[in-house]
Amino acid sequence: MSGLKAALCKDLKLFFSGAGVAALLLPFLLLAAFRIGLGDLTTQSYVQPFPIAVRDEDDTIMSRSLIAQMKRIELFSDVAVLEEETSDAQALDQGAAAVITIPKDFFYDLYTMTDCPVSIVLNGDMQLESTLIYSIFGSVMDIIRGNQVAYTAVYQLCYGDLDNEQQWALYQESSVNLLHDALGRQNVFENEAVQADLQGALERRLAACVLSVLALFFSIAAVKTLPEELGLGILPRYRALGGSTGAFVLSKFLVAYLLTLPTQILMLAVFQPEHPILFLGLALLLLASAFGILLGLAAWLGNPASVQRWGNLLLFLSLVLGGTLWSRQLLPMPLPLLGKFALPYYAGLGLEAAAYGLPPVKLLGLLWPILAMGVAGLLFALFMLHRNKRSKSARTTHGNPAKPTAVPALLPFPARLASLSGIKLTAMSGGLRGLVALLAVALLCGMAASSVQSGGRQQLCLAVYDQDQSAMSQELVQRLGQHAELSVRSCGKEEGLYLLLLGEVEGLLTIGEGYSQSLTTEEQIPLRYEGASASVSLQGAREIIAGQVSLQRSRAQANGNAEAHLGRTLSAQESAQLQTLMDEAEASMPPLYQMQMQNGASAPLPFVPSQISFTALMVLFTLLTSAAWTGGRDGRLVERRMWSLPFGRVLSYGSDCLALVGLGLLVSLCILLFGGCTDLWTAAATLAYTLCVSALALMLIRFTNTDGRVDGLAPFLALILCLLGGCFMDLSQLSPALRTVSLLTPPGLALEASRGTWPALLALLCAAAVLFIIGLRPRRK
């Protein structure tokens, strides 16, 4: 126990001598920045609510009741009742997805099966929205049509040509069952519709992002000193004094856990999860997994700077691929598959599963891959620690950038400046391998940036678990798949739940055993539909499904209705004749609605991060991490030697700045050119932004007298600045004050400059000049 206590005290002192108290305060600022600057991911992942308009020419209790039912559907953000003087074109121009006209005497004509169709005018510029409303309305009409067809065929089979009395009996029986089927159409489902939990989904996404950053950041902070401790022989001496390797590793994990605990407590107060113990348990599991992976990385690499550099790169890649900053569904293949190795992916999955009510055992069944990766990293680290008899030179080979060599003084000043800048660029990026890895991540980021620009969902995605596997259940799946606005994906039970929790589908339809038999009786149909927590399309999807099920049930119950009228069982020939009569009746029925398409206002596009947003985040991550090299022992040694040369201070500081600018531009080019974003304003904004961030990073290094402080804090600083700069949300929609705040940050100015605002471009250049001048001051010893 005393050995563990000593190791714990040692690791705490190492942490506070590095990143210091700032690392404990920045998570609180990050949480506030996420609250302000992280947009609603549901705008990218799910179909958004949209308005429709209704013209009520019938103006009866029945028509007003129908409109009231429409207003209860979450998918419709507004159901406007049009006045007589408002035309359909005006309503569409004002943003309505469709205009539905209920004609005069519609319900009486419906009762008597008279031709009096409803008019539906769809907005051709809102393709998905207008198609959805058409399908929802059409599904209700399918219930009416299926009921009328079935009863017409039954009466024709039983009575032949109908007299007046039989005709009215047909209307009476059909209308009673029609009212029952139409009003009770949602009763085809075993479960009730649940209102979308949009706020809860957003908070869980925020929590997943913060938990992931905390786990990775403090794990890096705890393990980054391991290579240096191994090089100084601290572990062998610790063992000689009676300590164990397990206690040595455990002390680092306890440091990481203790440092995350204050922010976790704050998150409990802010988010107030229903199961706080489960929340803390998930945070501990994520931390343990991240710690194991990064401990393995630290045991393999040769110096703290390399651990910090590769750890920051891993953190950045996790945020890009994990589905917290933007929806994974917007990323091109194979990036969504790579995202399944990212910590935020499992943080989001765990929080959604907990909110869904899964027990801890099933929760572990979902999260075992990330736990397995952590265990694998831990075992690799222990293996490397037991092989600690390697020579010091062997330990320091991996990831240790070569020290810059002196540049011959006989070269012209520009040549010396360019040569030294190139050498420093390679050293700052961690050598050639580090530079290649960095540019590879930038290319992946460029792929993501290009794909995210495609916007939100183009279809309503449903998963279907067909447990019945009957002809009728397969027919239902086929009917749903014929809807152009629906994307139907067959799956198993576990896979369907997995897709639902991850937000990859908007709902899961489960067709239970006995579905086919239940259609012919009045028993409860074994049918369940569960929507994703943040999906507002639940009611609309249920309407479409209910329409198809009711249509099937009307046809399936026709035999029983005919037998009730005849008082005997139908023969096989009569059953076949009944099916033929239903087909003929359906073909001869007047249309219940007419559809036409007109142009109107387009649907508002959801906010998605632009390519300059991706660039701003990665350039900040990269340069804040790389600039730390100039504050390390090698960088300070080179600087002191350079000052003895003519123009040595300019040569030293100028080469630092040029190396960072060159590294930032390489990263930017990989992101921007991959997506084809090459306009002049974007290029100018990128150059000015890179100059500004380079000067900012060097200035911060000048004002910190501890190695590794800036690169250790780089993840927090980069995320906070980009969130407040409006990279992941249009802050102008919230308040003018936040819009002003965004223009006080380099990412906010870069976004504004890329839109063609020259004052923002000038402000970036002026900020770069001021920061560069401030950074010229002599470095603290």
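# Asking how we know

Author: A search of this whole structure, which is a predicted model, turns up eight salt bridges.

Reader: What makes the pair Asp59 and Arg64 a salt bridge?

Author: The closest N and O atoms of Asp59 and Arg64 are 2.8 Å apart. The cut-off is 4 Å between a side-chain nitrogen of Lys or Arg and a carboxyl oxygen of Asp or Glu, so the pair counts. Side chains of opposite charge can pair when their charged atoms come close.

Reader: And is Arg64 buried, exposed or partly exposed?

Author: Arg64 has a relative accessible area of 44%. Buried means under 20% and exposed means over 50%, so Arg64 lands in between and is called partly exposed.

Reader: Why do Arg489 and Glu495 count as a salt bridge?

Author: Their closest N and O atoms are 3.8 Å apart, and the limit is 4 Å, so they qualify. Arg489 is partly exposed at 38% relative accessibility, and Glu495 is partly exposed too, at 36%.

Reader: How far apart along the helix are Glu475 and Arg479?

Author: They're four residues apart in helix α21 (residues 471–481), so about one helical turn separates them. Their side chains meet in a salt bridge, at 3.0 Å from N to O. Glu475 is partly exposed at 28%, and so is Arg479 at 23%.

Reader: Where does α21 fit among the strands?

Author: Helix α21 belongs to a right-handed β-α-β unit together with β5 and β6.

Reader: How do you know that strand β5 and strand β6 pair?

Author: DSSP has to find at least two bridges for a pair, and β5 and β6 (residues 486–490) have five, in the parallel sense. Val464, for example, has Ser490 as its bridge partner in β6. Strand β5 also runs parallel to β7 (residues 507–511), again with five bridges, and there the partner of Val464 is Leu509.

Reader: What makes you say that β5 is mostly covered?

Author: Seven of the seven residues in β5 (residues 460–466) are buried. Leu460, Leu462, Val464 and Asp466 sit on one side, with Cys461, Ala463 and Tyr465 on the other, and both faces are covered.

Reader: Which other strands pair in the parallel sense over five bridges?

Author: That would be β1 (residues 50–56) and β2 (residues 76–81). Ile52 has Val79 as its bridge partner in β2. Between these strands the chain passes through helix α4 (residues 61–71), and this β-α-β crossover is right-handed.

Reader: Why is Lys424 called buried?

Author: Its relative accessibility is 2%. The cut-off for buried is under 20%, so Lys424 passes. You'll find Lys424 in helix α19 (residues 413–428).

Reader: What makes the meeting of Lys424 and Asp656 a polar contact?

Author: Their side chains come to 2.6 Å. A polar contact needs N or O atoms within 3.5 Å, one able to donate a hydrogen and the other to accept it, so this pair fits.

Reader: Is Ser742 buried or exposed?

Author: Ser742 is at 4% relative accessibility, and under 20% means buried, so buried it is. Ser742 lies in helix α33 (residues 736–742). Gly726 is 16 residues away in sequence, yet the two C-alpha atoms are 6.1 Å apart in space.

Reader: Which residues form the nonpolar patch on the surface?

Author: Leu364, Leu371, Val375 and Leu379, with about 340 Å² of accessible area together. Take Val375, in helix α17 (residues 360–386): patch residues need over 30% relative accessible area, and Val375 has 42%, so it clears that bar and counts as partly exposed.

How values were computed: Residues are numbered from 1 along each chain as its sequence is written. This is a predicted model: local features need pLDDT of at least 70, side-chain atom pairs count only at pLDDT 80 or more; totals for chains, interfaces and linings use all residues. Side-chain values use heavy atoms; hydrogens and water are left out. Patches are made of residues with over 30% relative accessible area and no salt bridge: like charges are joined within 9 Å, nonpolar side chains (Val, Leu, Ile, Met, Phe, Trp, Tyr) within 5 Å. Accessible areas come from the Shrake-Rupley method with a 1.4 Å probe; for residues, only the protein chains shown count as cover. Helices (H or I, at least four residues) and strands (E, at least two) are DSSP runs, numbered from the N terminus. Buried means under 20% relative accessible area, exposed over 50%, partly exposed in between (1.4 Å probe, protein chains only). A crossover is right-handed if, with the strands pointing away from the viewer, the path from the first strand over the helix to the second runs clockwise.
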